[in-house]
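Here's a quick tour of some charged pairs and one pocket. Have the viewer open as you read.

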Amino acid sequence: MSQRESQTSDEERLLPRDGTSSMNPNSTGSRGRSENISSDQVSKTHHPRRPFRRFWIRTLTLVVIPAGVTAYYFMIWLHFTKSPDDPVKYGSASEIWIFYSWFLIGVFGLGWSKYGLAGVESAMLQTSFWEAPNAMALMMHSGSSWSGPDGWFSLKRHMIHRLWSLLAFLSLFAYMAFLLSGLSYEISDGYVPLSDPPKVVGHTWEDYHRRQEEFYYSGALNGWSTGSPATVPGFGVIYTPDYMYHQRQKYSGFKRVPNALPLTDGIPEIFLGPQADTPISGKGWGLHAGYNCSIVKNASEFTILNQKSSSSYLQGYDLSGSGQLAWVSLRTPSEQLIYAFSSSSNLVDAVNLWGYVEMGVSNMSTITYDGTEPSSFDREGIAKAGILEYSLWQARLRGSYGDNYPDFNSTLNPTIEGMGLPIIQAPNGSFVRNESFFKIESRSDYGDRYNISTETFGSIISLAPPVGIRCRVVSTLGTAELDPARSSFRSFERTPSPTLKGSTADTETPRLGDIAQKTMLGRYLEIFSATNSPAPVTVSNSYLYQNFIQPQMLQKSIMLVYAMDALQLMYDGVYGLDGARSDTNLTSSKPGKVLVAGVMPQCVPAVFFATWAVGCVLLGLGYGFRRRWSDSLDGYSFFRFGVELADEVKGRSDFLDARDLYQNKTLLSLPGLTGDMRGDGRNGHRAVELRDMAM
């Protein structure tokens, strides 16, 4: 059956680009082709030119949506998401809706990406740089195959060209971003704010002195000697400055609530304010403090104790029945104080340890908050810090009947280099008092206060090198803004010194550090119980400790006594909320759902989102606003292309017999140009530009 000839007009005939007649023997027709004609000679399908248009919606979608979604993710990451290890987990009541909204965005996000990229795809195919190399490559764009896994895994590697790869790359990043974002945060139990004032405990400016001296000194001593926890009452938040937010996790006491004051590492700044049964926010009054106790490794680190030989004797104390060891006090040339005491003055218990202590303290003109305390925690304020220096010498003794603990641990590390010894070993092997050690400027020595008996010298098994601690403390009173989300405070303002109300029962409450010094003075073996160390074992009639007091134990005990001091000043050492008051300057909170980080680090999806957004914005701005022949490379466009190509391919056997797209040599031989790539950019053909290739 003869083929029906096309009834097309001259405008619709396939004509060479130079406009010569199709009957020219040197021209190439769609049927018979001269073998000596170069394949570079092409023909062009000419149709009535139609004006190109701009398609605003797809372009704006590509520019705005990916950037907006990425910005939303960064906002969630940087502003709302909290660490799952944060014990407070305080957030906004809207966070649960933010969580749900993100999954809603995830449902439509990939569709928005595909919608925008499909528009810019049609514009980019019109350029010479991004054009498809042949009709088969152009067909690869059908159905936006670059937009999902189905297209990624079905295409042959050798058929992929640069534009398809770019669009697939951006789509893949969008897939990965949304997939991983679901693992980057999750919902957790936490607290959300209320507008109601909370019930709080904690002293105020008005009642700071409304207590009696005997209670806070005895309360601190009892808490220290029994090794009580250094936790604050109620929900229990110890506030730190904003700059310490990412450092809080290194303090074990801040990893849970109620928070506990640190016992091994010093802390530069804390604020002890009002406490309630839930996190609170607003302006609170409290104690702004910082203290640090470090282990001394060299005698040169001391600034008070190294003045002992130049000091003058002040007086001696013997508080029999108080539980304290007798001590003497010395005044240094810089007007500081040194206290010295030893367990020789009270050997009522038969134990296997002997200790001698020197404790140096800065002599403040007043011990109360009267305005002379440091007002800042900068270099100038720290220079006015209160100082406590503590050095300890120990000896191991035999028990009452020569009993000994065979597994005694005599190791001490680190010890102080460059310090003398109160007891030395004579050439004959006996132990004697070191007379030169006790010499001071104002008298021959103060060692007469330590008349160590001959029996004690005879019981010494070994001497231990000295160990020591040096502490610095700064504190003041005032108000600060409390941020429960970060467990932080800011905008601290020192208030005038609290005043007595004239009641005879009130006493001036001291600064932080005074209670700690008085608690440590004249006490030695209590350090074991303060640090919850193993109790002595009983052998015959003797109490035998299993080791010397280690420098780490000494550091922990002194840090604990400072903690007990601070808790007494603000909360009277209580842990409950009995007697709580309403504070209208603060707002409360309630249990709720908040966002926390998930198993996937949030920076990983952020990289995918940022790459996807930047790529989409650049393509949208660079190509999206250009005039183009079609809104997108949709099914209707390919249908029109097929109509245009019908006369070119219907007679080719390889086109009809090819098993699949990738084996179709005809499509490989046809160019994949679209639109009027070499036109004026405003008008062009609707269909594919075709080269009439030689067979």
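Let's start with a single aspartate: D583 is buried, since its relative accessible area of 10% falls under the 20% cut-off. Keep in mind that this is a predicted model. The side chain of D583 meets that of R581 in a salt bridge, with 3.5 Å from N to O. R581 itself is partly exposed, at a relative accessible area of 25%.

**The salt bridges**

Side chains of opposite charge can pair when their charged atoms come close. How many salt bridges does the count come to? The answer is 15. Three of the pairs are set out here:

| Pair | Closest N and O atoms |
|---|---|
| K593 and D189 | 2.5 Å |
| D242 and R486 | 3.6 Å |
| D583 and R581 | 3.5 Å |

Take K593 and D189, whose closest N and O atoms are 2.5 Å apart. What does this pair tie together? K593 sits in strand β22 (residues 589–597) and D189 in strand β4 (residues 185–193), so the bridge links parts that are 404 residues apart in sequence. On the accessibility side, K593 counts as partly exposed at 37%, while D189 is exposed, with a relative accessible area of 56%.

Next come D242 and R486, with their closest N and O atoms 3.6 Å apart. D242 is in the loop between β6 (240–241) and β7 (267–272), and R486 is in the loop between β16 (460–483) and β17 (488–494), so this pair ties together parts that are 244 residues apart in sequence. Are these two residues buried, exposed or somewhere in between? D242 counts as partly exposed at 30% relative accessibility, and R486 is partly exposed too, with a relative accessible area of 29%. There's also a wider network here: salt bridges link D242, D483, R486 and R490.

**The second largest pocket**

Rolling a probe the size of a water molecule over the atoms shows where empty space is left. The second largest pocket holds about 740 Å³ of space. Its lining is made up of 29 residues, and those closest to the centre are T81, K82, S83, Y245 and R486. So R486 turns up again: this arginine is both among the residues closest to the pocket centre and part of the salt-bridge network.

Which helix gives the most to the lining of this pocket? That's helix α1 (residues 56–80), which contributes four residues. By residue class, the lining divides into 14 nonpolar, ten polar and five charged residues.

Technical notes: Residues are numbered from 1 along each chain as its sequence is written. This is a predicted model: local features need pLDDT of at least 70, side-chain atom pairs count only at pLDDT 80 or more; totals for chains, interfaces and linings use all residues. Side-chain values use heavy atoms; hydrogens and water are left out. On a 1 Å grid over the protein atoms alone, a cavity is a set of points where a 1.4 Å probe fits but cannot get out, and a pocket is an open set with protein on both sides within 12 Å along at least five of seven lines; lining residues have an atom within 4 Å of a point. Grid points are joined across faces, edges and corners, and a volume is the space filled by probe spheres set on the points. Helices (H or I, at least four residues) and strands (E, at least two) are DSSP runs, numbered from the N terminus. Ala, Val, Leu, Ile, Met, Phe, Trp, Tyr, Cys and Pro count as nonpolar, Asp, Glu, Lys and Arg as charged, and the others, Gly among them, as polar. A salt bridge is a side-chain nitrogen of Lys or Arg within 4 Å of a carboxyl oxygen of Asp or Glu. Buried means under 20% relative accessible area, exposed over 50%, partly exposed in between (1.4 Å probe, protein chains only).
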